[in-house]
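User: Hi! I am new to reading protein structures, and I would like a close look at one place where two helices pack together. Could you walk me through it slowly and then show me what surrounds it?

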Amino acid sequence: MRLHPTQPLAVRRPGKSFAGMNPMADPPGEVTLASSRFVTLLSELGVTHVVTIPDNTSAPILLALAKVSSRTEEAQGEDDPIRVVYATREGEAIALASGLWLGGAHPVVLIQNTGLLEAGDGLRGTASRMGVPLVLLTTCRGYPKARAMGVDPTDGTIGRDILVRSDLDSVAHMTEATLRAWGIPFMYMGDPSDSGCLTNAFKLAQEEKRPVALLLDTSFE
Amino acid sequence: MLTKDQLLRPLTDLRTDEVVVTCMGVTRPWGRMSDHDLNFASADSAMGHTADLALGIALAQPSRKVICLNGDGSMLMSLGALATIAGAGARNLVLFVLENGVYEITGNQPIPGAGGLDFPGMARAAGFPMVYSFNRDVGYEAALPEILKAQGPVFVGVGMEPGSEGPVSRSSREEARYLQNSLAASAVEFREAITSR
């Protein structure tokens, strides 16, 4: 006996089917030059998939990716230059990207540093443990705030005074320390037009056969 | 409830060149029945991420069927993956969730909500277009060819007898070939195998 009858569900909601939908297939807004260049660089580096949970810093990049996809969709369908996959959590995103690499693709992950903290065991147990040359494009929440307050978020100080201050964002102060603890090499991109940063991150990941974080301490607006 | 043999034997009979990703209590039984270079054990890995890993393989290889044999405890750990799979529209992914209601390899402790969870219902609600559910072997074997041919993502919930597998290791002492190498070495071998076909 079956718990439920074998029942294919062709339509989940009358008139609507969300499966497979690209939520940014026809996105509003203009693509910025910085984000357009960044996407071009990803494409030139052979990236096939961007697995992401968006934030405000990555939004222009995702808009540029969606515009490229929507422009080419009719002509190329599933052969879009870079496919965007939205995940629900960062550990899931990294495991998914590891699976993409297992299958022969060349993914990157695009997440915020807060999400990186969530991803600990997903990163350890998949990309790191498997030796996946995965570049973790990680936006830097809290860095501008710290600088505005005259505090260096990378000085290694994570005392209670830092953790509870409402005029600081504690994640900025934990980012480098966390990456060091997890054995993830990292570098910064402080200028969106600095293509060398991106190239170096990919080169290091390939050479060392492990994940590398590229911290996007910049704006793509 | 199905035994592991009742679940896996028909699958080994029908399987040709599909990818099969396993985890936890089903890892050894599958490895004993099947020696195939497109088997991948999500062992010595991160619990809860087997379905995510399988989705990635499916998206990278859209013309090849990918079968994921996930546990119910593992599925609960990354339940959002149901939405990600449905949203990504991985037509070639068949996600089995083996519902034994326990964390088998740590001694059969109950999973949260054991006995009251409706995994097929969750899959439907997440947007899976094809959902199957079995709690006895009646009908399972007959439906399997259709399940493997269906345009997915396909979800298959299977009520399972609790087993007694201990923790899965990766070492030469393991009988299954796909457990005899490190996770990193297995990953490289699998990638080479799938990209050379």
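Analyst: Happy to help! Let's begin with the residues that touch. In this predicted model, helix α3(A) brings Glu92(A), Ala95(A), Leu96(A), Ser98(A), Gly99(A), Leu100(A) and Leu102(A) to the contact, and α3(B) answers with Asp52(B), Leu53(B), Leu55(B), Gly56(B), Ile57(B), Leu59(B) and Ala60(B). Sorted by class, the residues of this contact are nine nonpolar, three polar and two charged.

Now for the geometry. Two packed helices are described by the angle between their axes and by the distance between those axes. Here, the axes of α3(A) and α3(B) lie 6 Å apart, and the packing angle is about 40°. In chain B, this α3 covers residues 50–60. The pair counts as oblique because an angle of about 40° is not under 35 degrees, the cut-off for roughly parallel. As for the hand of the crossing, α3(A) passes α3(B) in a right-handed way.

Let's step back to the two chains. The size of an interface is often given as the accessible area lost when the parts come together. For chain B and chain A, about 3,500 Å² is buried between them, with carbon and sulfur atoms giving 57% of that area. Chain B supplies 49 residues to the contact, and chain A supplies 41 residues.

There is also a charged pair to look for. Side chains of opposite charge can pair when their charged atoms come close. Across the interface of chain B and chain A, the rule finds one salt bridge. Asp44(B) and Arg129(A) meet through their side chains in a salt bridge, at 2.6 Å from N to O. Asp44(B) is worth a second look: this residue sits in the loop between β2 (39–41) and α3 of chain B. Its phi is near 60°, a positive value in a residue other than glycine. Most residues other than glycine have a negative phi.

Back in chain A, α3(A) has another neighbor. The axes of α3(A), residues 90–102, and α5(A), residues 120–130, come within 8 Å and cross at roughly 20°. That angle makes α3(A) roughly parallel to α5(A). This crossing is left-handed, while the one between α3(A) and α3(B) is right-handed. From α3(A), the touching residues are Gly91(A), Ile94(A), Ala95(A), Ser98(A) and Leu102(A); from α5(A), they are Gly122(A), Leu123(A), Thr126(A), Ala127(A) and Met130(A). By class, this contact has six nonpolar, four polar and no charged residues. You may spot some familiar names: Ala95(A), Ser98(A) and Leu102(A) meet residues of α5(A), and they also appear in the contact with α3(B).

Helix α5(A) holds a charged pair of its own. The side chains of Arg124(A) and Asp121(A) form a salt bridge, at 2.7 Å from N to O. Because these two residues are three apart in helix α5 of chain A, about one helical turn separates Arg124(A) and Asp121(A). Over all chains, a search of the whole structure finds 16 salt bridges.

For one more helix pair, look within chain B. There, α5(B), residues 81–88, and α6(B), residues 119–126, pack at about 45° with their axes 8 Å apart. Therefore α5(B) and α6(B) are oblique to each other. Leu82(B), Ala83(B) and Ala86(B) of α5(B) make the contact with Met122(B), Ala123(B) and Ala126(B) of α6(B). Those residues divide into six nonpolar, no polar and no charged.

Finally, here is a backbone detail in chain B. Most peptide bonds are trans. Gly152(B) and Pro153(B), however, are joined by a cis peptide bond, with omega about 5°. Pro153(B) lies in the loop between α7 (140–149) and β8 (154–159) of chain B.

Conventions. Residues numbered from 1 in each chain as written. Chains lettered and ligands numbered in written order. Predicted model: local features only at pLDDT ≥ 70, side-chain atom pairs only at ≥ 80, totals over all residues. Heavy atoms only, no water. Axes fitted to C-alpha atoms, helices over the stretch in contact; angles between N-to-C directions. Helix = DSSP H or I, 4+ residues; strand = E, 2+ residues; numbered from the N terminus. Parallel < 35°, antiparallel > 145°, perpendicular 65-115°, else oblique. Left-handed = near helix turned anticlockwise from the far one by under 90°. Contact = heavy atoms within 4.5 Å. Nonpolar A, V, L, I, M, F, W, Y, C, P; charged D, E, K, R; others polar. Buried area = accessible area lost by both parts, 1.4 Å probe. Salt bridge = Lys/Arg side-chain N within 4 Å of Asp/Glu carboxyl O.
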